[in-house]
Amino acid sequence: MPEVSRKYLYILLLVGTLIFMSNLDVLYVNIMEARNFITAREMVTMDNWLLTTMNAEPRYEKPPLPTWLTALSAMLFDFDSRFALRLPAALVALFLLVYFYRLIPRLKIGQKQAFLASLILISSFYIIFAGRNGQWDIFTHGFMMAAIFYLWKFFSQTHGLYKNALLAALFFGFSFMSKGPVSFYALLLPFLIAYGVVYGFRGFTRKIKPFLLFLFTAIIVSGWWFLYVRLVDPVAFTRITTVETTRWANYNVKPFYYYWSFFTQSGIWTIPALVGLLYPYLKRRVCNHKAYVFSLFWTLSAVILLSIIPEKKARYLLPVMIPLALNTSFYIEYLFRKFREMPLKEKWVVYFNHGLIAAIGIIFPVGAYFVLDLESYWFWYAATSVILFGIGAAMFYFLKKQKYPKVFYLTVAFICGIMLTGFPLTYALLENPRFRNISELQNKYELNIYELRNTTPELIWEYGEPISNLSEEEVLQLDDEKIGLLLMEKDSVFVQQQDRFRIISSERYDLNYVHPEKSGYKDRLIRRFYVLEKKE
């Protein structure tokens, strides 16, 4: 089997680095990141490396491997560095890219198409989001992609069976230690279904012993942490796992067809992805029909399996983006070969898709000037305007010349340009004039600070250490002479009506980075802070 092209691999790593690491620290920490980053911080500050916590309470919902990696990255740099906290996710996104690219030639697909599929993958919306975000989805699917690569070698070769079985088991275990069985169900199982239907598991009886080694090793690597926590903290572990398993059936329930628009999550590749799914149209146009059918089965199996689970969220479609990128590449490869010769009734799809992207680039300088508050962002506005306008104009030019390969590469460059210079403009759109960070409280008062009822992860993260969460009754039973109390503004009536403490001072903290008049502004990120003193 031919090795992958180093030239293409180096280009992919360069493009991937631009997409996943440019301005990695720009966006504020969201709620999912806050939960994970708090757990990582408490690993270091409270030495909770195995019995993981959030706000000093057990947090066993997620296995700890990504949290360990994030904690180590923050120890090397700083917990105040959002770049350091997100760096492990970005690196695993590149890891996913490498194994995805290495797998494709083994389907007897050319190096060029493997390159195109990989570019589609790393410029797909949900892959970009996951690779630049401190959430654990990219870890579980990135490691599982490596397991799939070695399982492919295991199933398709007669040599190196024990080596491939062990490597597959190791990465399977890493995937499980990142987010439990999520990737097994949503990425590996659809792959096995597609492989079995299209290629078959011929000669498997001669591989029973190394496959049993795979199973044994995978179970050990996947399960040791769960067993440890179950033995050391059984009450909390049982309570948390019960809640988590119940959620699969009762939480955020959506209808079966909720994921049917899955191809839209590929962002700029939405239309090509849809065309790539049209088997009657593409079946005689692809170079490798068998590999195309495999990618189609892999994609659709993943969507169907996810649709069976009652709990549904759009971000759960991330594993579908992996086989979908491969599937879309068959259509893109066809355009590379035949675009000039295609009838106009087929070309209009290409003109519409890439023409729309080009138009966005052309109108960006004018649109951004009127929509964004550019007072502190003129450099980024100018740089982004030049890049996107230039790319948009070039795309129109090459569309007119019918040079599709250049249009394709300019589309990827469009995404790179946004990541490189456009991302800092985010705050020109979001800026909240009322923003006030809760971190001010750390050194402002020498007293115990408590929170009434609500625990908001972003607040705990910004504050910098755990905050005890109390009910009204527990607050009234405190013996402290003076306390600080955080509560939502709607709960201020409790402080005003109770007769145990007198109000010394009151302040308002707003952790919303989003402008109050824009969507995304959340009341749960606002707190009233009272300094209370016990009455004589």
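This report walks through helix packing, aromatic pairs and a few loop residues in a predicted model.

## Helix 14 and its partner helix 9

Let's start with helix 14, which spans residues 289-308 and packs with helix 9, residues 182-198. The angle between the two is about 140 degrees, and their axes are 8 Å apart. Angles over 145 degrees would count as roughly antiparallel, and helix 9 and helix 14 are therefore oblique to each other. Their crossing is right-handed.

If you would like to find this contact in the viewer, look on the helix 9 side for residues including Tyr185, Leu189, Phe191, Ile193, Tyr195 and Val198. On the helix 14 side, the residues they meet include Lys290, Phe294, Phe297, Trp298, Ser301 and Leu305. The residues of this contact are made up of 19 nonpolar, one polar and one charged.

## Helix 14 and its partner helix 15

Helix 14 also packs with helix 15, residues 321-338. Here the angle is about 145 degrees, and the axes are 8 Å apart. This crossing is left-handed, whereas the crossing of helix 14 with helix 9 is right-handed.

From helix 14, the residues Ala291, Tyr292, Ser295, Leu296, Trp298 and Thr299 take part. They meet Pro323, Leu324, Leu326, Asn327 and Phe330 of helix 15. By type, the residues of this contact split into eight nonpolar, three polar and no charged. Trp298 is worth picking out on screen: it is listed in the contact with helix 9 and again in the contact with helix 15.

## Aromatic pairs

Across the whole structure, a search turns up 65 aromatic pairs. One of them joins Tyr28 and Tyr513, whose ring centres are 5.0 Å apart with the planes at 0 degrees, so this pair is stacked. Tyr28 sits in the loop between helix 1 (6-21) and helix 2 (31-45), while Tyr513 sits in the loop between strand 6 (501-510) and strand 7 (526-534), so the pair ties together parts that are 485 residues apart in sequence. Tyr28 itself is partly exposed, at a relative accessible area of 25%.

The rings of Phe172 and Phe214 have another arrangement: their centres are 6.1 Å apart and their planes are at 75 degrees, so this pair is edge-to-face. Phe172 belongs to helix 8 (residues 161-179) and Phe214 to helix 10 (residues 208-232), so that distant parts of the chain, 42 residues apart, are linked. Both Phe172 and Phe214 are buried.

## Loop residues to look at

The loop between helix 1 and helix 2, already home to Tyr28, also holds Asn23. Asn23 has a phi near 55 degrees, a positive value in a residue other than glycine. With a relative accessible area of 19%, Asn23 is buried, since buried means under 20%.

Gln402, in the loop between helix 17 and helix 18 (404-422), likewise has a positive phi, near 60 degrees, without being a glycine. Its relative accessible area is 23%, so Gln402 is partly exposed.

Lastly, how exposed or buried is Ser376? At 62% relative accessibility, Ser376 counts as exposed. You will find Ser376 in the loop between helix 16 (344-371) and helix 17 (378-400). From C-alpha to C-alpha, Ser376 and Leu425 are 9.5 Å apart in space, with their positions 49 residues apart in sequence numbering.

Notes
Residues numbered from 1 in each chain as written. Predicted model: local features only at pLDDT ≥ 70, side-chain atom pairs only at ≥ 80, totals over all residues. Heavy atoms only, no water. Axes fitted to C-alpha atoms, helices over the stretch in contact; angles between N-to-C directions. Helix = DSSP H or I, 4+ residues; strand = E, 2+ residues; numbered from the N terminus. Parallel < 35°, antiparallel > 145°, perpendicular 65-115°, else oblique. Left-handed = near helix turned anticlockwise from the far one by under 90°. Contact = heavy atoms within 4.5 Å. Nonpolar A, V, L, I, M, F, W, Y, C, P; charged D, E, K, R; others polar. Phe/Tyr/Trp six-rings, centres within 6.5 Å; stacked < 30°, edge-to-face > 60°. Buried < 20%, exposed > 50% of the residue type's maximum accessible area, 1.4 Å probe, protein only.
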